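Here is a short round of questions and answers on charged side chains. Look over the sequence and the model before reading on.

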Amino acid sequence: MAPPKRDVVWLDGLRGIASVLVVTAHISRSLLPHLITPAMSDRGPSTLLQLPFFRCLVMGRASVAVFALVTGYINSLGPLKKSRAGNADAALTGIARSAFRRFGRFMIPAIVATLISWLACQFGAYNIAHLADSAWIRDSSPIPSTSFAGAFYDLFTSLIKTWVDGGNEYDKIQWTLTYLLKGSMMTYLSLFALIYVKPRWRMLILVGMFLFKWRSGDALVGFNVYCGILLAEVSIDPNVVDFASAHPYIQAVTSASLIILGFFFCSYPEDHAEWARWSRKMEDFGRLIFPEGAEYARFYPGMGADALATGIMFNPTAKTILSHRFLCWMGRLSWPVYLIHAPLIRTVLTWVLFGASVRPPQGKDDQGNQLPPGLLPLAKPWIVMFAVPLFYVFLYRAADLWLRYVDPWCGRVTQHLEDLVFRDDAKVEKPLLLS
């Protein structure tokens, strides 16, 4: 019993939710930074969004793990199907083209986004952000260059550092791109090595690679990518599919349990896990299962994303919900949303929430010298309640325009480079899903 051809459409919905949670996490860091902890103070009370499960709405680290898992799943599903059909040579051709195409599909849009942020910086669009009473907004907002030549040097440096160490001064959230690109190349290299291996042995090797990445502490991308490849292999294995179909009760209970467990793991706080009893218990459990020196705030969301995706894959109801056209539309916009949301938070949203405020006087120092005014305070609550939802509308409208105009141009440039460097006898392979 083979799964439906478009059985992967639910991943678009999952990716759409992950992308909007990244935006929500960054807005929360900007306006409500206390939500990264599980309580207001050590052993103190917790707000609703600091409690397990609810805090998943304002946590962004699991989203990066989801992106890595989807990278492994989507990029491997087509070649694995060809390998099982006895067409491994065509799979290798597709892997070669996809690996090359991936560089263009990652780098060119990121360059465009950095260029826009660089221009905004040089023309003073981040000036209000530098004065906002929000540590995340101030710390992530670049400062204009001191000279014309220096501006171009700073731009070139940021473009290079994005892919060397993630140090893009004009869009600091691009630090993840080098790791996700590394995850893509990890996927293609693994497929190249395993494409001729029998499916059963290939699954065993992938389990070994998952455990190796786990033990080596690669929680950001490594074991999530291999989980994605393994899930792609499992999803097309007739023995697994037939067993799940023949035992619907076991499938339902197991998948629901994995989904609940995944959300709980994703709830692990980024800071001060010792402040709440439930997160202290998770910290104690982490000492038993995670390698020494592991960053629990990366491992738990990664483990949660893997459990969540596994549960969804075997849950028809969950896949139907994630396959809704609105969520799939959000999934198609996930890449432009990721690229443009941070600059828009530091400009448009910051202008609305802080631009009309007045800097409070700071008085004088001990020597009688007038101190500079304080930081711009946040606008009144009713303004925030109206501005933040409208910002999401503005953001997704901008992302839709990016998808219509910028993304096709980036695709054409990538295709031109691909046609330029590849031999004519290498047939074009269309990607299974936008990623």
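Q: Which residues are linked with Arg29 and Arg61 in a network of salt bridges?
A: This is a predicted model. Side chains of opposite charge can pair when their charged atoms come close. Here a network of salt bridges joins Arg29 and Arg61 with Glu270 and Glu295.

Q: How many salt bridges does a search of the whole structure find?
A: A pair counts when a side-chain nitrogen of Lys or Arg lies within 4 Å of a carboxyl oxygen of Asp or Glu. Searching the whole structure on that basis gives 17.

Q: Where do Arg15 and Asp12 sit, and how far apart are the N and O of their salt bridge?
A: Both belong to helix H1 (residues 9-31). They are 3 residues apart, so about one helical turn separates them. Their side chains meet in a salt bridge, N to O, at 2.3 Å.

Q: Is Arg15 buried or exposed?
A: Buried means under 20% relative accessible area. Arg15 has 6% relative accessibility, so Arg15 counts as buried.

Q: Which residue forms a salt bridge with Arg97?
A: The closest N and O atoms of the pair are 2.2 Å apart. Arg97 lies in helix H3 (residues 88-122) and the partner in helix H16 (residues 381-421), 321 residues apart. The partner has 0% relative accessibility and counts as buried. It is Glu418.

Q: How many residues apart in sequence are the parts that Arg105 and Asp407 tie together?
A: Arg105 and Asp407 form a salt bridge, with the closest N and O atoms 3.2 Å apart. Arg105 lies in helix H3 and Asp407 in helix H16, so the parts tied together are 302 residues apart.

Technical notes:
Residues numbered from 1 in each chain as written. Predicted model: local features only at pLDDT ≥ 70, side-chain atom pairs only at ≥ 80, totals over all residues. Heavy atoms only, no water. Helix = DSSP H or I, 4+ residues; strand = E, 2+ residues; numbered from the N terminus. Buried < 20%, exposed > 50% of the residue type's maximum accessible area, 1.4 Å probe, protein only.
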